[in-house]
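Thanks for coming. I have one model to go through today, and I will take it helix by helix before turning to the empty spaces. Here it is.

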Amino acid sequence: RGHVGMSLGLPVHPDPLCFSTDDFLKSDFNVDEFLAHCRKNVTAECLRDDLEAYYRTLKSAMVDLINNDYADFLNLSSNLVLYTCFIDLCMQCCLLQVGMDKAIHNLTSPLLELKTEITDIKTSLEATIDALEAKLLLCKEIRAKKFALHCYIVIVESVETLERLLKIRDWPGDPGAPQLIENEHLAGVVIDRVTNEFSRLKYMVSKAPPHHIVETIKPRIAQITAALQHCLDDSLVTSLESNDREHLSHCLRAYATIGHQAAAESLFQSHMVHPYMQKVISAKALNTLGLAGVYADVLKFISQYCTILSDVVAGRGGAGGGAVGGFDFVSNAVWPEIVATLSEKVSVIFSPGNPDSFCRHYTVTMDFVERLEEFCSSEQSVQNLRDHPSSAAFNNKWNLPVYFQIRFQEIASPLESALQLPLQSAESSKETKAPLFNLEPFNALWRSMVACWKQGIFISALVHKFWKLTLQLLMRVSQWLEEVCALSKTMQTDDSTKGLKSDDSTKGL
């Protein structure tokens with residue numbers, strides 16, 4: 001009763017009662033004590049009537065409660081069924097949990113045994129891996145030592161082979177001594193074999209680990225290098241002098257194999273180009289043959305030797321063996337020597353003091369450079385020639401600004417003088433043709449403009465300056481015309497004013 005009263009509350013009776021309804025809600029409610037307490041105040045009949053009246057009130061309140069919550073009372077049974085199913089499910093889960101705990105307890109022992117076995121296997125595998133890695137490291141060290149031993153053996157064998165092919169009798173410790181070589185001129189096939197063996201030797205020396213064997217044999221390698229260089233130098237000069245294209249091809253290929261192209265070009269310059277240029281380029285030759293004749297002799301040498309070299313490098317002319325890369329004799333050997341010799345022997349050609357000679361020398365030289373470019377073996381060779389430091393130094397020797405300044409004075413001064421003179425008609429003479437224009441300033445302008453582009457004066461490198469000078473001449477004459485026109489108008493105005501004054505004085509008289 002107390003639960004219901006506390007949850008829902010008791011209804012209130014409309015009439016006063018002999019007891020308090022709150023007594024029914026007390027947790028320690030006792031019937032005997034309730035009756036005894038009420039008998040003290042009222043009679044038994046009155047107490048019975050009040051209890052029956054309050055009972056009817058409670059019954060009516062219960063009917064109203066059922067009517068208001070009818071749907072909840074209907075669902076009460078179904079909810080009770082769901083609650084019952086849920087309770088059964090929970091009971092089954094509890095039973096299942098108990099079964100799983102038992103199964104887990106039964107699996108613990110086998111799993112611990114399996115863990116122990118796996119740990120043992122892991123330990124065994126780690127030990128095996130460590131042992132295998134140690135053996136692999138040992139194999140790697142053995143391979144490295146084996147490769148090093150192979151390199152040392154190949155180095156020694158290559159040194160002995162090269163000494164035999166180069167016919168080096170002994171090794172006195174003086175690299176480059178010519179007495180070590182019995183036969184300095186090697187055949188083409190021998191040259192190929194020697195250079196291939198030497199390339200192999202250099203490769204093995206670069207790959208071999210440091211060892212006292214290599215250090216001990218390095219002086220012999222230096223001796224072989226000097227002997228090979230000496231043989232190749234001698235073979236190159238001999239092949240050029242004898243015009244032996246096949247042997248020259250072997251020789252140049254050998255230089256390319258060992259990467260000494262620059263040494264071959266330097267040898268060609270010092271032994272072939274330099275003596276010839278010193279002989280043909282001189283002040284005496286310049287006075288006798290002229291600069292064009294000197295360049296003609298230079299082109300003869302280039303045609304004789306550089307053509308052969310270009311054919312061999314490009315693999316043309318039956319030289320055999322295909323093209324040989326890395327050589328540019330015209331740009332790196334011939335052209336620098338020509339520039340150096342011209343600067344040393346005939347530097348007078350660069351002087352702009354005599355503009356006529358300067359222009360002639362410059363024009364002839366540029367024609368010679370164009371002819372020289374024709375002997376280049378490729379477009380890249382032509383570009384190398386133009387980009388060579390000697391080309392920049394050579395172009396700087398031609399003092400073109402000073403030359404143009406001299407020509408500027410020669411061309412502009414006559415026109416300026418003609419513009420300063422009184423205006424007069426042009427006159428013809430026996431020495432000159434009939435003038436093109438009636439006024440002398442315009443004839444002077446025409447002569448100055450023609451001089452700007454005249455052969456012997458015009459230089460293509462100064463085309464922008466001569467074009468600017470032409471425009472300046474036209475502008476100067478234009479300014480002169482404006483001045484003349486303004487002066488003419490002023491004179492006409494003065495004449496008109498004087499004429500009016502004269503008429504007025506006449507009328508007065």
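Let me start with helix α8, residues 261-280. This helix has 20 residues, and from its first C-alpha to its last it reaches 27 Å, close to the 28 Å expected at 1.5 Å a residue. Keep in mind throughout that this is a predicted model.

Where is the kink in α8? It lies at valine 273, shortly before proline 275, and amounts to about 40°.

Now the buried side of α8. The buried residues are Gln261, Ala264, Glu265, Leu267, Phe268, Met272, Val273, Tyr276, Met277 and Val280. So valine 273, where the kink lies, is itself on the buried list, because its relative accessible area is under 20%. As a reminder on spacing, an α-helix has 3.6 residues a turn, so residues three or four places apart point the same way. What covers the buried residues of α8? The cover includes α6 (212-242), α7 (245-257), α9 (283-314) and α10 (329-345).

That brings us to α10. This helix has 17 residues and reaches 22 Å from first C-alpha to last, close to the 24 Å expected at 1.5 Å a residue. There is a kink here as well, of about 30°, at tryptophan 335, and it comes shortly before proline 336.

How many residues of α10 are buried? The number is 12 of 17, and the helix is mostly covered. Among the buried ones are Phe329, Val330, Trp335, Pro336, Glu337 and Leu342. That list takes in both tryptophan 335 and proline 336, the two residues named at the kink. The buried residues of α10 pack against α7, α8, α9, α11, α12 (379-387) and α13 (389-397).

One residue of α10 is worth a separate look, and that is serine 343. Is serine 343 buried or partly exposed? Its relative accessibility is 22%, so it counts as partly exposed. Leaving aside neighbours within four places in sequence, serine 343 is in contact with Phe350 and Lys397. Serine 343 and lysine 397 are 54 residues apart along the chain, with 8.5 Å between their C-alpha atoms.

For contrast, take threonine 365, in helix α11, residues 355-373. Threonine 365 counts as buried because its relative accessibility is 1%. Not counting residues up to four places away in sequence, threonine 365 touches Leu291, Tyr295, Phe394 and Trp398.

Two loop residues next. Asparagine 243 lies in the loop between α6 and α7. Its phi is near 60°, a positive value in a residue other than glycine. At 43% relative accessibility, asparagine 243 counts as partly exposed. Glycine 315 is in the loop between α9 and α10, and at 33% relative accessibility glycine 315 also counts as partly exposed. Where does glycine 315 sit relative to serine 249? They are 66 residues apart in sequence and 8.5 Å apart in space, C-alpha to C-alpha.

On to the empty spaces. Rolling a probe the size of a water molecule over the atoms shows where empty space is left. The structure holds 2 cavities of 30 Å³ or more, and the largest has a volume of about 70 Å³.

Which helix gives the largest share of the lining of that cavity? It is α9, with 4 residues. Both α9 and α10 supply at least two residues each. The lining includes Cys306, Leu309, Ser310, Val313, Phe329 and Val330. Phe329 and Val330 came up a moment ago as buried residues of α10. By class, the lining of the largest cavity has 8 nonpolar, 3 polar and 1 charged residues.

Then there is the second largest pocket, with about 260 Å³ of space. Of the 14 residues that line this pocket, Cys359, Thr363, Gln455, Gly456 and Phe458 are the closest to its centre. The lining divides into 6 nonpolar, 4 polar and 4 charged residues.

Last, the whole protein. The secondary structure comes to 16 helices and 0 strands. Of the 509 residues, 32% are buried. Among contacts between residues at least 6 apart in sequence, 73% join residues at least 24 apart.

That is what I have. Questions, please.

How values were computed:
Residues are numbered from 1 along each chain as its sequence is written. This is a predicted model: local features need pLDDT of at least 70, side-chain atom pairs count only at pLDDT 80 or more; totals for chains, interfaces and linings use all residues. Side-chain values use heavy atoms; hydrogens and water are left out. The expected span of a helix is 1.5 Å times one less than its number of residues. The bend at a residue is the angle between axes fitted to the seven residues ending there and the seven starting there. Buried means under 20% relative accessible area, exposed over 50%, partly exposed in between (1.4 Å probe, protein chains only). Contact means heavy atoms within 4.5 Å. On a 1 Å grid over the protein atoms alone, a cavity is a set of points where a 1.4 Å probe fits but cannot get out, and a pocket is an open set with protein on both sides within 12 Å along at least five of seven lines; lining residues have an atom within 4 Å of a point. Grid points are joined across faces, edges and corners, and a volume is the space filled by probe spheres set on the points. Ala, Val, Leu, Ile, Met, Phe, Trp, Tyr, Cys and Pro count as nonpolar, Asp, Glu, Lys and Arg as charged, and the others, Gly among them, as polar.
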